[in-house]
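Let's take a friendly walk through a binding site and the pockets of this protein. Please have the sequence and the 3D view open as you read.

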Amino acid sequence: MSEPRFIPLPDYREFPPEEMAERADAFYAEVNRRRTIREFSDQPVDAALIDRCIAAAGTAPSGANLQPWHFVVVTDAAAKRRIRVAAEEEEREFYENRAPQEWLDALAPLGTDEHKPFLETAPALIAVFARRWDELPDGGRVKQYYSTESVGLATGLLIAAVHHAGLASLTHTPSPMGFLNEILGRPKNETPFLLLVVGHPAEDCEVPDISRKPLDEIRTRV
Ligand code: IYR
């Protein structure tokens, strides 16, 4: 067991109250512009730009600071095609058999179905994996704590970073998505968390006419 070591807090910045409010408003306005899209153009994205966004995702807090995430950036056309074929197979089963009517009713406003052309059209897919354990050289295992929560936090930051950089995205979760391990060659100690489809909106891109809950509905004060 290692002893804790401490350093002075390095980069905290304090702002006057007015500036705090301005910053909070500006951040809200920025993230409130984000829309999930399902119609992408094939305009390429800069690999280095995606790396910058993944670096931001990697700043997320994590259980015991174990950082149990891994991001695979998929731009290869053949790999995207394999992912589309496998995902559409699962989705067909979902929409035709697995999904209860209640779930289909909840999805109806989004207009989704088993066809996922964006998995090929979009220039990049970021497959997010959650590590469940670390493997030691002697074959032993180190459990990862709060792996799902940690990877969820990192993914939220990734979505915000991608949006902030001027790209659009779609959080896609074909279920089950074990096929991603095989196609992307990831080890069995990692489970797929989601696929973030990233790129630019198609010229005629439309989004569902849906809204966000107002603050009063999502917050109580005690
Ligand atoms: N995975 C399916 C269904 C789906 C489920 C939820 I919850 C959504 O928010 C959207 C879609 C699909 O991608 O079509």
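What volume does the largest pocket have? About 520 Å³. Please keep in mind that this is a predicted model.

## The largest pocket

A total of 23 residues line the largest pocket, and those closest to its centre are R38, L107, L110, T112 and T171. If you would like to find the pocket by its secondary structure, look for α3, α4 and β5 (168-172), each of which supplies at least two residues of the lining.

The lining is mixed in character: ten of its residues are nonpolar, seven are polar and six are charged. What takes up the space of this largest pocket? The ligand does.

## Around the ligand

Which residues will you find around the ligand? They are R38, E91, F94, Y95, W103, L107, L110, T112, D113, K116, H172 and T173. Sorted by class, this shell has five nonpolar, three polar and four charged residues.

Two helices are worth highlighting in your viewer. Both α3 (77-98) and α4 (101-107) supply at least two residues of the shell. The largest share comes from α3, with three residues.

## Polar contacts to the ligand

Some members of the shell offer polar atoms to the ligand. Y95 places a polar side-chain atom 2.5 Å from an oxygen atom of the ligand. K116 also has a polar side-chain atom 2.5 Å from a ligand oxygen atom. With T173 the backbone takes part: one of its polar backbone atoms is 3.5 Å from a nitrogen atom of the ligand.

How much of the ligand's exposed area does the protein bury? On its own the ligand exposes 370 Å², and the protein buries 71% of that.

## The second largest pocket

There is another pocket to look at. The second largest pocket has a volume of about 270 Å³. It is lined by 14 residues, and the closest to its centre are R38, E39, L110, G111 and E206. You have already met R38 and L110, which are among the residues around the ligand.

By class, the lining of this second largest pocket divides into five nonpolar, four polar and five charged residues.

## Where to look in the viewer

To tie the picture together, start with the ligand, whose space is the largest pocket. Then show the side chains of Y95 and K116 beside the ligand's oxygen atoms, and the backbone of T173 beside a ligand nitrogen atom. Finally, colour α3, the source of the largest share of the shell.

Technical notes
Residues numbered from 1 in each chain as written. Predicted model: local features only at pLDDT ≥ 70, side-chain atom pairs only at ≥ 80, totals over all residues. Heavy atoms only, no water. Near = heavy atom within 4 Å. Polar contact = N/O pair within 3.5 Å; in protein donor to acceptor, adjacent residues only side chain to side chain. Areas by Shrake-Rupley, 256 points an atom, 1.4 Å probe, with all protein chains shown as cover. 1 Å grid on protein atoms, 1.4 Å probe; cavity = no way out; pocket = protein on both sides within 12 Å on 5 of 7 lines; lining within 4 Å. Sits in = over half its atoms within 2 Å of the grid points. Helix = DSSP H or I, 4+ residues; strand = E, 2+ residues; numbered from the N terminus. Nonpolar A, V, L, I, M, F, W, Y, C, P; charged D, E, K, R; others polar. Points joined across faces, edges and corners; volume = space filled by probe spheres on them.
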